[in-house]
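Q: Please take a close look at one part of this model, the pairing of its side chains, and set it within the chain as a whole for someone who is new to it.

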Amino acid sequence: MTSSKRPVIMSRLVKLEDADRTFDIEYWQRQGDAAIFSAAWEMVMVANKIKGKEASELTFQRTLTKLKRQGINADLLVLSKQVDLKNPEEER
């Protein structure tokens with residue numbers, strides 16, 4: 001992360017049985033949305049590299065769901081769409 005802000009340094013010492021997620025939540029809330037997105041994207045890139053794939057193979061997948069009620073029964077229609085991150089206008 002390239003930022004002119006000073007890094008946030010936080011620590012806490014607790015017994016294992018008293019450990020919960022409050023510390024993690026507070027830490028990431030202090031970081032802000034951009035840092036959270038950056039860290040998540042970094043994990044995506046690392047996972048992709050571990051799988052032996054190139055960064056150019058990454059795609060964004062969006063699933064659309066439409067629930068249409070017809071009388072007592074309900075039909076569920078699920079559509080899936082993949083978008084190439086290099087060319088977001090190009091659909092697969």
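**Side-chain pairs in the chain**

A: The chain holds two helices and two strands, where helices (H or I, at least four residues) and strands (E, at least two) are DSSP runs numbered from the N terminus. Along the sequence these elements follow the order α-α-β-β. The model is predicted, and local features are taken only where pLDDT is at least 70 and side-chain atom pairs only at pLDDT 80 or more, while totals for chains, interfaces and linings use all residues. Residues are numbered from 1 along each chain as its sequence is written, and side-chain values use heavy atoms, leaving out hydrogens and water.

The mean pLDDT of the chain, which is the predictor's confidence in each residue from 0 to 100, is 75, and 65% of the residues score at least 70. Among the elements, H2 has the highest mean, 91, whereas strand S2 (residues 73-84) has the lowest, 52.

The charged pairs come next. Side chains of opposite charge can pair when their charged atoms come close. Two salt bridges are found in the whole structure, a salt bridge being a side-chain nitrogen of Lys or Arg within 4 Å of a carboxyl oxygen of Asp or Glu. One of them joins Arg30 and Glu26, with 3.0 Å from N to O. These two residues stand four places apart in helix H1 (residues 22-31), so about one helical turn separates Arg30 from Glu26. Arg30 is exposed at 51% relative accessibility, whereas Glu26 is partly exposed at 36%; here buried means under 20% relative accessible area, exposed over 50%, and partly exposed in between (1.4 Å probe, protein chains only). The salt bridge between Arg12 and Asp20 has an N to O distance of 3.6 Å, and its partners are both partly exposed, Arg12 at 36% and Asp20 at 42%.

The rings add a further kind of pairing. Rings of Phe, Tyr and Trp (its six-membered ring) pair if their centres lie within 6.5 Å, with planes under 30 degrees apart counted as stacked, over 60 as edge-to-face and the rest as tilted. By this rule there is one aromatic pair. It is formed by Tyr27 and Trp28, which meet edge-to-face at 5.1 Å centre to centre, with 85° between the planes. Tyr27 is partly exposed at 24%, and Trp28 is partly exposed at 36%. From Tyr27 one can also look back to Ser11, which lies in the segment before H1 and is exposed at 67%: although 16 residues separate Ser11 and Tyr27 in sequence, their C-alpha atoms are 9.5 Å apart in space.

Helix H2 (residues 33-50) gives a contrast in exposure, since it contains Asn48, which is buried at 8%, as well as Phe37, which is exposed at 58%. Beyond its neighbours within four places in sequence, Asn48 is in contact with Lys53, Glu54, Ala55 and Leu58, contact meaning heavy atoms within 4.5 Å.

For the chain as a whole, 9% of the 92 residues count as buried. Of the contacts in the chain with a separation of 6 or more, 17% join residues 24 or more positions apart.
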